[in-house]
Amino acid sequence: MKTLNRHHLTALLALSIAAPTFAQSSVTLYGNVDTGALYMSNYSNGVGYLPSSINSGSGVRIKDGGLGASHWGIKGSEDLGGGLRALFQVQGNINSANGGTGGANSSSQTSFFNQMSTVGLAGSFGELKVGRQFSPVAWAMQHTDVRGMRYFGSTLTALVGMNSASSAWIGNNSNTAFGTIYNDNAVRYTTPTFANVTLDFSYAFGESGGKANSQQGVSAMYSANGLKLSALVYNGYGNNYSTAVALGTAASGGNSAAGAAMAAKAGFSPKANTNRLYGLGAMYAFGSYTVGGQYFMARNPDKVIVPGGSDSLDMWDLGAAWRVSPVVNLSAAYYHIKDNSNSGHKSTQFVLGMEYYLSKRSWLYLQSAWVTNKGNNMALSPMYASPVAANKNVRAVMAGIRHGF
């Protein structure tokens, strides 16, 4: 047996001291790639999600994100002792159709980690995170949507439809007209679960002082014995201002000063309270079956709108899912949007979906949707990030594969 000398003992002592430190920290690389072939009728050839009658017809396209956007991320934590942990997470989109990365942030710029870039602390008090992150709206909507906020035919696409109906959201930023999925410059606090209820609070600073461009959100989620309940309230200032300026600028032949003046005259400003969303939801799982429904009210408290838009919309949905076998899941859901500002304007969406699980990480899927749009500002699309022509019925079918890592 070889005798350990002083240098060996010193090295072993150093390793014994350092080893616990390494064991208390972790970093994980994760993500998924989701791509499919999408057929859809009545694509829009207008500007983003602004309702437009310009119709580019039907077609088949390769599309990223049939179930959810392809993305990758890195997350980690460090045990600080006494039950306290430091956390970080960065996550961004991958466009599997063309290899692009990142996406729009709240200020209409492109962020590499456009979904999440947070740092925070967690412990017996709950979690406190700072940075760009999912809003309480997103967590609550997903909690009770039978379709799980899929990118094809879900509460997510219905929310986008309500925002499009405002006629004041182009889609080039994540500061939507009603509610939002992401917040820049946000502080978010999540409580510990008590009596099966978790509360989520967020405040997004407008970065311009006071309430200008700020956002506030709170949600409550209950989960026990197969029953899930959700409630949310979201409020925001200045959400439609940049779009109103852009529309005014275009109407004045490219004069940005005139565009800003037109927006101000109509009442748009960074401090105008134009974003309010209320929501309630319930979902119940029993055996291999799941049923659920949600109701949302989108409001513009200051009633500052562009011509033809809406400051008041309601949306409700009903859905059901059946786990036919351990590897097959079927779902169906109906979504209805009513425009309270324009009589007779409404959109409906009926969706059928099937997922086949090749493994826990690899899925095949097939889904189909039928959409009706009645009204010049109604342009609900069954596929996220794929605007359709206003006042047109839409048919869509998508088949694809999703792999997680």
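Of the contacts in the chain between residues at least 6 apart in sequence, 62% join residues at least 24 apart, a contact being heavy atoms within 4.5 Å. The model is predicted: local features need pLDDT of at least 70 and side-chain atom pairs count only at pLDDT 80 or more, whereas totals for chains, interfaces and linings use all residues. Residues are numbered from 1 along each chain as its sequence is written, and side-chain values use heavy atoms, with hydrogens and water left out.

**Overall architecture**

The chain holds 5 helices and 20 strands; these are DSSP runs numbered from the N terminus, with at least four residues for a helix (H or I) and at least two for a strand (E). For 405 residues a compact globule would have a radius of gyration near 22 Å, and the value of 23 Å for the chain agrees with this. That radius is taken over C-alpha atoms, and the globule rule is 2.2 Å times the number of residues to the power 0.38. The C-alpha trace spans about 90 × 55 × 45 Å along its principal axes.

Buried residues account for 48% of the 405 residues. Buried denotes under 20% relative accessible area, exposed over 50%, and partly exposed the range in between (1.4 Å probe, protein chains only). The accessible surface of the chain is about 18300 Å², and 62% of this belongs to carbon and sulfur atoms; the areas come from the Shrake-Rupley method with a 1.4 Å probe, and for residues only the protein chains shown count as cover.

The average pLDDT, the predictor's confidence in each residue from 0 to 100, is 94 for the chain, and 94% of the residues score at least 70. Over residues 1–23, pLDDT stays under 50, and the model has 4 contacts beyond four places in sequence for this segment.

**Buried polar residues**

Arg 132 belongs to strand E9 (residues 126–134) and is buried, with a relative accessible area of 5%. A polar atom of the Arg 132 side chain lies 2.4 Å from the backbone oxygen of Asn 114. The same side chain makes a polar contact with the side chain of Ser 174 at 3.2 Å. A polar contact is a pair of N or O atoms within 3.5 Å; within protein, one must be able to donate a hydrogen and the other to accept it, and residues adjacent in sequence count only if both atoms are side-chain atoms.

Asn 275, in strand E14 (residues 273–286), is likewise buried, with a relative accessible area of 0%. A polar atom of the Asn 275 side chain lies 2.8 Å from the backbone nitrogen of Gly 179. Beyond its neighbours within four places in sequence, Asn 275 is in contact with residues including Thr 176, Phe 178, Gln 215, Tyr 234, Asn 239, Arg 299 and Pro 301.

**Helix H4**

In helix H4 (residues 241–251), the buried residues are Thr 243, Ala 244, Val 245, Gly 248 and Thr 249. They pack against helix H5 (256–266). Gly 253, which follows H4, has a positive phi near 75°.

**Aromatic pairs**

The structure holds 14 aromatic pairs. Rings of Phe, Tyr and Trp (its six-membered ring) pair if their centres lie within 6.5 Å; planes under 30 degrees apart count as stacked, over 60 as edge-to-face and the rest as tilted. The rings of Tyr 49 and Trp 169 are stacked, because their centres are 5.2 Å apart and their planes stand at 10°. This pair links distant parts of the chain, 120 residues apart: Tyr 49 lies in the loop between strands E1 (25–44) and E2 (55–64), and Trp 169 in the loop between helix H3 (155–165) and strand E10 (182–190). Both residues are buried.

The rings of Trp 316 and Tyr 334 have centres 5.5 Å apart and planes at 50°, so this pair is tilted. Trp 316 is in strand E16 (residues 312–325) and Tyr 334 in strand E17 (residues 328–339), 18 residues apart. Trp 316 is partly exposed at 33% relative accessibility, and Tyr 334 is partly exposed at 29%. One aromatic cluster is formed by Tyr 284, Phe 286, Tyr 289 and Trp 322.

**Positive phi outside glycine**

Most residues other than glycine have a negative phi. Two residues with a positive value are listed below.

| Residue | Phi | Loop between | Relative accessible area |
|---|---|---|---|
| Ser 108 | near 65° | strand E6 (103–104) and strand E7 (110–111) | 37%, partly exposed |
| Asn 391 | near 60° | strand E19 (362–374) and strand E20 (394–404) | 38%, partly exposed |
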